[in-house]
Each structure stands twice: as structure tokens, then as C-alpha cells.
Amino acid sequence: MIGGFRPRLIGGRDVKPGPELRFRELMLPHLDAAYNLARYLTNDASIAEDVVQEAFLRAFRSFETYRGGPPRAWLFAILRNCWRDRVGEQIKRERVVVSDASLSDAQSEAIAAVPADSDTPEESLARAREVDTVRGVIAALPEPFRETLILREMEDMSYREIASVTGVPIGTVMSRLARAREMLAKLLLPQRTAGQQERQA
Amino acid sequence: MTCPDPMLLHALLDDELDAANVAMVEAHLRTCPDCAAEFEQLKHLHQIVADPALRHAVPEGLRDRIDAALPATQHTANPWPARLGWGAGGAIAAGLALTLAIPQQSATSGLEQQMVASHVRSLLADHLVDIPTSDRHVVKPWFNGKIDFSPPTPDLKAAGFPLVGGRLDYIGGRVVPAIVYRRNLHTINVFAWPAGTAPSGETMATDGYTLVHWRQGDLDFWAVSDVAGGDLDQFRTAFVTATR
């Protein structure tokens with residue numbers, strides 16, 4: 001962490017630095033996380049870059065509305081608004097048709113070859129390919145589920161934080177997360193899931 | 001035995017349960033193979049998705065572009081103000097104020113003062129660029145209709161001077177285009193207007209800023225920055241070469 005001699009970032013008694021400096025101090029450390037989120041939200045490297053850049057500029061312009069709290073969650077909320085503004089109506093349309101049908105047969109087949117456990121040396125040799133495969137599977141998840149999954153599993157956000165970023169109740173966060181994991185299991189762990197379905201049938 | 005809501009398994013995995021529910025669910029997992037298998041699968045999925053190898057790394061240059069697009073905190077060479085304590089930030093702010101005060105008293109001509117002032121203003125206010133883009137095909141048409149001549153806006157990234165964007169400014173009683181470039185974390189403002197009577201090829205330093213002037217075609221160009229004079233000469237060469 002940072003040396004103890006350093007004044008707190010947020011606190012009435014400290015001399016206030018300029019907003020440009022304070023913004024950089026608080027927000028730029030989250031650039032990596034912001035880009036990763038944008039990349040998974042957009043599924044496109046160059047759009048992700050645009051969205052992140054736009055998000056940082058928009059965040060700076062509305063920096064005076066930042067009232068403390070986790071800077072990452074504040075930044076992410078702006079980032080996803082940037083993305084949603086960009087896609088606009090398209091996202092609303094997609095939301096209506098969210099279902100298992102959005103996982104295509106081709107994607108499922110591509111996934112079927114993935115080993116479920118990756119502990120042996122042979123499998124770790126195939127690791128690079130596996131990373132691509134898992135990324136592909138995540139990309140195939142419908143948007144609200146993918147977003148919730150990334151925020152929880154990759155960014156290690158609490159349900160409460162995810163709720164504040166995505167603007168939905170915690171119950172919705174929980175059901176989206178459960179649904180995301182269910183779809184993911186179906187794609188990544190086909191055998192086991194198939195077995196469970198047989199038992200249930 | 002009744003199995004608990006499957007949501008509780010997720011909540012247990014995500015460390016979102018209170019102690020009483022943790023105890024309840026864990027007790028259940030010890031006695032229910034189905035739920036235990038389900039929980040193992042959730043843990044397995046978590047390991048797969050939380051793998052740092054899945055993260056996408058920030059593309060090269062994005063950090064610099066964002067830093068360049070944000071209003072500058074200072075005009076010194078320190079690339080990451082985040083590493084500074086507030087004390088240092090304050091010192092820089094004080095230094096800036098001093099620099100700002102000087103141009104009015106210096107002996108440089110009115111035009112140069114105005115350009116330095118415009119340069120400093122562009123760094124201080126949230127107004128470095130009106131159109132932030134590294135695409136010269138966007139910057140150039142943006143100036144159309146806003147000014148009555150068309151300055152070249154080459155991207156000099158290959159020479160180490162990436163294009164940041166464009167801005168309109170008011171200098172010498174007229175609206176002029178400012179084409180903004182970056183040299184590492186320094187900003188270079190290029191002003192252009194139809195050629196007047198100023199002699200070509202000057203370099204001058206004023207209050208820590210360097211101004212370089214050149215004439216190309218029927219336009220006069222001025223580049224203003226706090227980069228070293230040699231860098232600014234290099235910039236002029238790159239600009240002239242790219243637009244010849």
C-alpha cells in the first residue's frame with residue numbers, strides 16, 4: 001500500500017488537490033479493470049478502447065458528482081453507460097430474446113473438446129488454446145449475465161457493488177449470476193451437466 | 001432432508017452469507033451429495049473464470065491517450081502524478097501559477113505571449129482539445145467551416161509525436177486552429193494562420209516554453225511546448241516532411 005505519511009484522499013481537513021490530479025490518483029489505477037470489463041462487454045478490442053477512453057473523459061467531466069465510495073464501482077457505472085449509450089436500442093432489443101437459444105450449436109460443439117480439469121502437464125501445454133476457448137464461451141453469454149459474471153468472478157465485486165454498478169436490485173444480481181454460471185457450466189463442463197440432467201430426468 | 005435454495009450455494013461461494021447461514025449450508029453440504037457436487041462445480045467454474053490469464057491487457061498507448069485527453073495536471077515531465085504526494089502537487093501548482101504570471105511581464109511580442117498563454121490555458125482548463133482523436137482524417141474536416149483556411153493535420157506518431165486532437169483558439173484577434181500533439185507526456189500546440197510578415201525559421205524560448213515558427217506554403221505555423229528545444233525542432237522537421 002501507500003506510505004503512511006500520505007494524507008487521506010477523502011477528508012475535509014486535508015488540502016484539496018486540483019481535480020485533474022485527484023481524478024488521476026483515484027481513477028487511473030482502475031484502467032486495467034475498466035479495459036477488461038469493456039473488452040468483455042463489447043467483445044471487440046477497438047470498440048472497448050473507444051468506450052474506455054470515452055468513459056474516462058465522461059467520468060472526469062462529472063467528477064464533481066463523485067461522492068466518495070469505491071472509485072472502481074463509480075467508474076464502472078459510467079463505463080457501462082457509455083457502452084449502453086453506444087449500442088442504445090440494439091441492447092434493448094437483445095434483452096428481449098435472452099435465452100439458451102443464444103448459445104449456438106457451433107459454440108457448444110467448439111466447447112465440447114475442452115478438458116474439464118487442467119492440472120496435468122499435457123493440459124497446461126494446451127493452456128493458451130484453453131484461454132481462448134473460455135473467453136469465447138464467456139463472450140457467448142447474453143449481456144446482462146456476462147456482465148454480472150465478469151464483475152463477480154474477475155473483478156471480485158460484492159453483490160452490493162454489482163447492484164450499484166448495474167443499477168438493479170441485489171436479488172436480480174443473484175439470479176443473473178446463478179443463470180450465468182448455469183449457462184457456463186453447460187458449455188464448459190458438458191459431461192457433468194449432462195449427467196445431472198439425466199439424473200433429474 | 002430439504003435442500004436449501006440453490007442461490008445459497010452461490011452466496012456461500014461468493015462469501016455473501018452471514019455466519020448462521022454459512023453454518024446451515026455447510027452442514028447441509030456434508031450430508032447431501034447432490035448439493036456438494038453442485039457446490040464443487042461452482043467452485044470449479046470460479047477457478048476457471050477468475051483465472052487472471054483470461055483478463056485482457058490494456059492495449060499499448062491507451063493509457064497515454066487517456067492521460068493526454070484528460071486536462072493536464074502540470075507541465076513538467078513526470079508521467080504519473082499518481083506517484084506524487086499532495087505536497088509535490090501543491091509545489092507544482094505553485095510553480096504553474098508563477099509561470100502564468102511571468103509572460104505578461106516578459107519582453108516577448110504580443111503574439112507569442114498569446115500563444116504561450118493559450119498553450120498554458122489549454123493545459124490548465126478542461127480544454128486541451130475540442131475534438132479528441134488521433135485520426136487525422138477526423139481532425140482536418142472538423143476545422144472546415146470553422147476557419148477560412150485548411151491547415152494540414154498529419155499524424156506524426158511514427159516520429160514520436162502522436163496526434164491528440166484539434167481545438168479552436170483566439171489569437172491575434174482571429175480564430176485560429178490549434179492542432180494538438182503529444183511528446184511523451186508533454187503537449188505540443190501547433191497554431192496556424194495565413195502567412196503574414198513574421199520571419200521564418202525562428203526558435204525562441206520564453207518562460208520555460210519554447211516556440212518554433214516556420215512557414216509552409218501560404219501558412220505560418222507556430223509550435224508551442226515545454227519540450228526541449230531540440231525536440232521541438234525535430235517536431236517541426238517531422239511536420240514539414242509529413243505535409244510536403
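This passage describes a helix and three paired strands of chain B, then the confidence of chain A, in a predicted model.

Helix α3 of chain B covers residues 33-49. At 1.5 Å a residue, its 17 residues should span 24 Å, and the end C-alpha atoms are indeed 24 Å apart. Several positions in α3(B) are buried: B:Phe39, B:Gln41, B:Leu42, B:Leu45, B:Ile48 and B:Val49. Residues three or four places apart on an α-helix point the same way, because there are 3.6 residues a turn.

Strand β3 of chain B (residues 174-183) pairs with β2(B) and with β4(B). Of its 10 residues, 8 are buried, so β3(B) is largely enclosed by the rest of the structure. Strand β2(B), residues 163-171, runs antiparallel to β3(B) and is joined to it by 8 bridges. Within this pairing, B:Gly166 lies opposite B:Ile179. The two strands form a hairpin with 2 residues between them. In that turn, B:Gly172 has a positive phi of about 60°.

Strand β4(B), residues 186-194, is also antiparallel to β3(B), over 6 bridges. Here B:Val180 has B:Asn189 as its bridge partner. A hairpin again results, with 2 residues between the strands. B:Asn184 in this turn has a positive phi of about 50°.

Chain A has a mean pLDDT of 76, with 65% of its residues at 70 or more. Confidence in this chain peaks in helix α2(A), residues 31-42, at 95. The lowest mean, 48, belongs to helix α12(A), residues 190-200. Residues 191-201 of chain A have pLDDT below 50 and make 4 contacts beyond near neighbours in sequence. Where pLDDT is low, the predicted coordinates should not be read in detail.

Key. Residues are numbered from 1 along each chain as its sequence is written. Chains are lettered from A and ligands numbered from 1 in the order in which they are written. This is a predicted model: local features need pLDDT of at least 70, side-chain atom pairs count only at pLDDT 80 or more; totals for chains, interfaces and linings use all residues. Helices (H or I, at least four residues) and strands (E, at least two) are DSSP runs, numbered from the N terminus. The expected span of a helix is 1.5 Å times one less than its number of residues. A residue is buried if 20 or more other C-beta atoms lie within 10 Å of its own, exposed if 12 or fewer, and partly exposed in between; C-beta atoms are placed from the backbone. Two strands pair if DSSP finds at least two bridges between them. pLDDT is the predictor's confidence in each residue, from 0 to 100. Two residues are in contact if their C-beta atoms, placed from the backbone, lie within 7 Å.
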